[in-house]
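Thank you all for coming; I would like to take a few minutes to walk you through a structure that may be new to most of you. Please have a look at the sequence and the fold first, and then we will go through them together.

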Amino acid sequence: DYAADKIGLTYGITAEINRPLWAARLGYFLVPTFPNDSTFNMNLFSTGGYVGELEMRYKPYDRPGSVRLGAWLNSAIMGSYDQAVALAALDPTGTLSPADTIAQTQQVRTKYGFYLNFDQEITDWLGMFGRFSWNDGRTQIIAFTDIDTSLSLGLSMKGTAWGRPDDRVGIAGAWNNISGNHSGFLAAGGLGILVGDGALTYASENIFEAYYAFQVAKGVVLTADYQFLGNVAYNMLRGPVNVLSGRLHISF
């Protein structure tokens, strides 16, 4: 959950110890003044994002791979999902929703989580990657996307088997969820950065993606991509959605 949507970047400082078989990293980064805001909170160290990561490298059967375990804590001005729902329920007019009351609950709060990801070469032309991430899901997402738990797994292949070693094929799937606090907020009419439409029939969001990157000539790659999205925005009444896209990449 980092400063990404409005301005696409953040500022910070990192330190790293990098050895042949392992690496350790620490970082501190600025967070938005308010959730999904385009300005940074300059109250250094009383607010901000703290990240630590340990990477282990190995070569089973002489095939390189790595595992990264990271933990993070954000201190930022965020609203409480449960408090916003409770305030809306107290409204005597019945016109307020948690989307209206979440701002009243905003104060400096902490959000924390961890992630575990890996990548592993299987053959000269096939590799595997995966990731699991979790956060406590009690407070507003401050900047990135509305996910509290995510599990993804995929394969990346070179076209060696069919005589096109410079081509690439990728397939991957993701299983996304949000916390009970978060889903209760959306079900009562709350809105997130990217999700929410006033109601919610909750279900896990399921995503599948496949692409083929075809090298037309050296430095010219044409990619066809397909994505399937089920239970869009955690709502079993939304979707499914099928997305077809293409990309032309030229480098000199």
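**Hairpins, sheets and a helix pair**

Let me begin at the hairpin of strands E9 and E10, where two residues lie between the strands and Gly219 takes a positive phi near 85°. I should say at once that this is a predicted model, so please hear everything that follows as a description of a prediction.

The two strands of that hairpin, E9 at residues 205-217 and E10 at residues 220-230, run antiparallel and are joined by eleven bridges, and one pair that you can look up is Ile207 with its bridge partner Leu229 in E10. On from there, E10 is also joined to strand E11, residues 241-250, by ten bridges, again in the antiparallel sense, with Gln227 having Val243 in E11 as its bridge partner.

If we now go back along the chain, there is another hairpin, formed by E3 and E4, which has six residues between its strands and in whose turn Tyr61 has a positive phi of about 55°. Strand E3 pairs with strand E4, residues 65-78, over eleven bridges in the antiparallel sense, and Tyr58 stands opposite Gly65 in E4. E3, which covers residues 48-58, also pairs with strand E2, residues 22-29, in the antiparallel sense, here over eight bridges, and Phe29 has Gly49 in E3 as its bridge partner.

Let me turn to the helices. Which residues of H1 meet H3? They are Tyr81, Asp82, Ala84 and Val85, and on the H3 side they meet Asn181, His182, Gly184 and Phe185. By class, this contact has four nonpolar, three polar and one charged residues. The axes of H1, residues 81-90, and H3, residues 180-187, come within 8 Å and cross at roughly 30°, and the crossing is left-handed.

Finally, to place these pieces in the whole, the protein has three helices and eleven strands, and from the N terminus on its elements run β-β-β-β-α-α-β-β-β-β-α-β-β-β. The C-alpha trace spans about 70 × 45 × 35 Å along its principal axes, and buried residues make up 37% of the 252 residues. Of the contacts with a separation of 6 or more, 59% are between residues 24 or more positions apart. The accessible surface comes to about 13,900 Å², and 63% of that belongs to carbon and sulfur atoms.

Definitions and conventions
Residues are numbered from 1 along each chain as its sequence is written. This is a predicted model: local features need pLDDT of at least 70, side-chain atom pairs count only at pLDDT 80 or more; totals for chains, interfaces and linings use all residues. Side-chain values use heavy atoms; hydrogens and water are left out. Axes are lines fitted to C-alpha atoms, for helices over the stretch in contact, and angles run from 0 to 180 degrees between N-to-C directions. Helices (H or I, at least four residues) and strands (E, at least two) are DSSP runs, numbered from the N terminus. A crossing is left-handed if the near helix is turned anticlockwise from the far one by less than a right angle, and right-handed if clockwise. Contact means heavy atoms within 4.5 Å. Ala, Val, Leu, Ile, Met, Phe, Trp, Tyr, Cys and Pro count as nonpolar, Asp, Glu, Lys and Arg as charged, and the others, Gly among them, as polar. Two strands pair if DSSP finds at least two bridges between them. Buried means under 20% relative accessible area, exposed over 50%, partly exposed in between (1.4 Å probe, protein chains only). Accessible areas come from the Shrake-Rupley method with a 1.4 Å probe; for residues, only the protein chains shown count as cover.
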